[in-house]
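Colleague: I have a structure open and would like to go through its contacts step by step. Could you take my questions in turn?

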Protein chains: 2
Amino acid sequence: MYDLIIIGAGPAGLTAGLYAARFGMHTLILEKNFVGGQIILSPTIENFPGFPGGIKTGVLIEKMQKQVEDLGVKISLSEVLKIESGRDARKVFTQDETLEARTVLIASGAYPKKLGVAGEDKFIGRGVSYCGTCDGPLFKDKEICVVGGGDRALEEAIFLTTYAKKVNLIHRREEFRGSDILKKEVGRNKKINIILESVVEEILGEKKVSGVKIKNIKDNRTTQVGCEGVFIFAGIHPNTDFLKSLLQLDKDGFIITDQEMNSSVKGIFAAGDCRHSPLWQVVTACSDGAIAAHSAHRFIAPYR
Amino acid sequence: MYDLIIIGAGPAGLTAGLYAARFGMHTLILEKNFVGGQIILSPTIENFPGFPGGIKTGVLIEKMQKQVEDLGVKISLSEVLKIESGRDARKVFTQDETLEARTVLIASGAYPKKLGVAGEDKFIGRGVSYCGTCDGPLFKDKEICVVGGGDRALEEAIFLTTYAKKVNLIHRREEFRGSDILKKEVGRNKKINIILESVVEEILGEKKVSGVKIKNIKDNRTTQVGCEGVFIFAGIHPNTDFLKSLLQLDKDGFIITDQEMNSSVKGIFAAGDCRHSPLWQVVTACSDGAIAAHSAHRFIAPYR
């Protein structure tokens with residue numbers, strides 16, 4: 001019987017593991033894909049406090065992983081299929097086994113949403129990408145499109161100019177939603193061509209991407225932009241499908257908690273990108289994880 | 001007119017400044033004493049994610065300060081005496097001047113109440129601590145004293161048995177004030193030695209703590225207890241006296257906010273140790289600051 005099973009090894013899960021280990025809790029972290037989670041999709045992070053000038057995301061995650069593993073917490077690669085909650089314990093079902101824990105922390109993160117247009121699925125890995133860090137280098141000296149208008153889209157558009165000769169930044173509103181500092185940086189970057197009030201209708205190509213068909217939403221005219229890559233940053237979807245109806249979720253599927261990270265089910269906590277929150281950042285995920293571990297530690301007091 | 005004035009240059013205020021600057025907000029940080037705040041009382045921090053093996057607190061704070069100053073945010077040494085809130089702006093009164101801002105973030109921190117005994121100040125960071133979560137691991141297999149009788153003292157005493165070989169729990173009354181569940185747990189923990197109706201008269205040592213002199217308040221006899229650490233939990237007091245009756249506070253003076261860091265007054269936010277919160281840590285303060293800056297940025301949107 002574990003004191004705490006943490007589902008997800010991103011910043012929230014890793015920080016929860018760090019705190020739980022320091023609280024003396026018998027803790028296991030389960031991770032479905034790879035340590036780090038969604039943040040690995042960004043090449044560098046400039047707004048995590050303590051790293052002036054920024055830090056490569058992979059390096060930050062390695063440091064967090066070392067910090068929790070140094071305390072003896074094991075990170076196991078395993079997908080959770082289901083959770084059941086009893087009076088004194090929770091059962092966690094993976095492909096291979098059924099584990100028991102007094103408390104469970106869901107820190108399962110989120111993943112990027114698709115546009116849902118023709119050609120998108122067909123060309124994933126052949127020009128369509130949701131990750132500049134992963135695929136940017138494939139488009140050296142080529143023309144690409146970036147779709148979206150939030151911080152992530154702006155950051156990625158700027159980053160992708162490192163490789164691409166031209167970046168068409170396509171957004172459906174008349175103004176970007178992202179922060180001013182990024183808007184300014186986008187505005188003065190000569191490699192970025194801004195296309196506002198426009199939506200992608202189709203991703204074109206034969207064997208790989210050759211362009212996109214876009215529609216201006218004011219006059220409904222469609223045009224084509226030739227490009228070899230399309231990077232899509234259209235929002236995120238929480239990894240909470242496996243919870244089914246176990247917990248209270250918001251309309252977008254994010255887990256609702258109180259300020260102590262309690263979900264609607266006793267003994268189950270949530271932290272990070274999968275949680276309904278006013279802001280999803282690495283530092284907020286870490287904080288969620290610390291608070292959740294603290295709450296879990298208090299929860300198990302009667303069983304010690 | 002500033003977009004945001006931040007009161008306090010600890011981790012909460014510095015992270016809020018970092019985020020606000022990136023949001024393009026005209027921001028000023030005011031600090032009464034010294035950059036860093038309460039955390040400077042701990043020599044090193046081991047539970048801030050991203051620093052395996054820990055980091056010297058002063059170094060972490062320098063990094064955070066550089067990160068926000070690199071973005072052009074000014075930190076001004078000045079004590080705030082009063083805040084007044086109008087419809088469209090807030091006035092911040094310091095000794096020297098009256099400043100105006102659309103929004104104000106109170107990140108003024110808190111301080112641990114001292115016992116006020118000989119040796120206490122001398123040995124801060126050399127055996128005397130006000131935070132078990134921060135400094136507990138430094139006392140692995142050592143004998144320590146914990147002073148206090150409330151929930152926090154009992155929780156910390158239990159927590160510290162994870163590391164210490166023996167914890168002397170010293171309280172001046174004949175019974176602890178803490179909750180029953182914690183009293184029971186303390187009672188059955190074999191590593192905890194309870195010393196009631198006793199007060200610490202002096203903290204002893206040469207270069208670092210070697211023991212405490214305690215007096216039994218019934219018979220006035222003094223004895224010495226040998227120990228390498230003294231953890232003092234005589235209460236934490238938030239730096240909110242200057243707010244007088246402006247905001248809703250809890251019974252201990254901590255500012256009550258919602259999850260977006262809104263205080264009870266529009267345009268005034270709170271973050272970090274001065275905020276009513278389930279856990280006060282550097283990482284939670286940073287997260288509070290990021291969220292508060294984000295909320296302040298949304299708040300000023302109609303004025304841009």
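The questions below deal with ring pairs, the contact between the chains, and salt bridges.

Colleague: What kind of model is this, and how many aromatic pairs are found over all chains?
Modeller: This is a predicted model. A search of the whole structure, over all chains, gives a count of aromatic pairs. That count is 16.

Colleague: Is the pair of Phe139(A) and Phe231(A) stacked or edge-to-face?
Modeller: The ring centres of Phe139(A) and Phe231(A) are 5.5 Å apart, and the planes stand at 80 degrees. Planes over 60 degrees apart count as edge-to-face. The pair of Phe139(A) and Phe231(A) is therefore edge-to-face.

Colleague: How many residues apart in sequence are the parts that this pair ties together?
Modeller: Phe139(A) is in the loop between α3 (132–135) and β11 (143–147) of chain A. Phe231(A) belongs to strand β17 (residues 229–232) of chain A. Phe139(A) and Phe231(A) are both buried. The pair ties together parts whose separation in sequence is 92 residues.

Colleague: Which residues form one aromatic cluster with Phe159(B) and Tyr163(B)?
Modeller: The rings of Phe159(B) and Tyr163(B) have centres 5.6 Å apart and planes at 80 degrees, so they make an edge-to-face pair. Phe159(B) counts as buried at 5% relative accessibility, and Tyr163(B) counts as buried at 12%. The cluster also takes in two residues of chain A, Tyr19(A) and Phe23(A).

Colleague: Over which ring does the charged end of Lys82(A) sit?
Modeller: In chain B, the charged end of Lys82(B) sits over the ring of Phe93(B), 4.7 Å from its centre. In chain A, the charged end of Lys82(A) is 4.7 Å from the centre of the ring it sits over. That ring belongs to Phe93(A).

Colleague: Which three residues supply 18% of the area that chain B buries against chain A?
Modeller: The contact takes 43 residues from chain A and 49 residues from chain B. The two chains bury about 4,000 Å² between them, with 58% of it on carbon and sulfur atoms. On the side of chain B, no other three residues supply more than Arg22(B), Gln259(B) and Pro278(B).

Colleague: Which helix gives the largest share of the side of chain B that touches chain A?
Modeller: Across the interface there are 20 residue pairs in polar contact. Several helices of chain B each supply at least two residues of the side that touches chain A, among them α1 (11–22) and α2 (57–69). The largest share is 7 residues, and it comes from α6(B).

Colleague: How many salt bridges are there between chain B and chain A?
Modeller: Over all chains the count comes to 33 salt bridges. One salt bridge joins Glu46(B) to Arg22(A), with the closest N and O atoms 3.1 Å apart. Between chain B and chain A the count is 4.

Colleague: Is Glu156(B) buried or exposed?
Modeller: Glu156(B) forms a salt bridge with Arg152(B), the closest N and O atoms being 3.1 Å apart. Both lie in helix α4 of chain B, 4 residues apart, about one turn of the helix. Arg152(B) has 32% relative accessibility, so it counts as partly exposed. Glu156(B) has a relative accessible area of 6%, so it is buried.

Colleague: Is Arg87(A) buried or exposed?
Modeller: The side chains of Arg87(A) and Asp88(A) meet in a salt bridge at 3.3 Å, N to O. Asp88(A) counts as partly exposed at 28% relative accessibility. With a relative accessible area of 74%, Arg87(A) is exposed.

Note on methods:
Residues are numbered from 1 along each chain as its sequence is written. Chains are lettered from A and ligands numbered from 1 in the order in which they are written. This is a predicted model: local features need pLDDT of at least 70, side-chain atom pairs count only at pLDDT 80 or more; totals for chains, interfaces and linings use all residues. Side-chain values use heavy atoms; hydrogens and water are left out. Rings of Phe, Tyr and Trp (its six-membered ring) pair if their centres lie within 6.5 Å; planes under 30 degrees apart count as stacked, over 60 as edge-to-face and the rest as tilted. Buried means under 20% relative accessible area, exposed over 50%, partly exposed in between (1.4 Å probe, protein chains only). A charge sits over a ring if NZ of Lys or CZ of Arg is within 6 Å of the ring centre and within 35 degrees of the ring normal. Contact means heavy atoms within 4.5 Å. Buried area is the accessible area (1.4 Å probe) that two parts lose on being put together, summed over both. A polar contact is a pair of N or O atoms within 3.5 Å; within protein, one must be able to donate a hydrogen and the other to accept it, and residues adjacent in sequence count only if both atoms are side-chain atoms.
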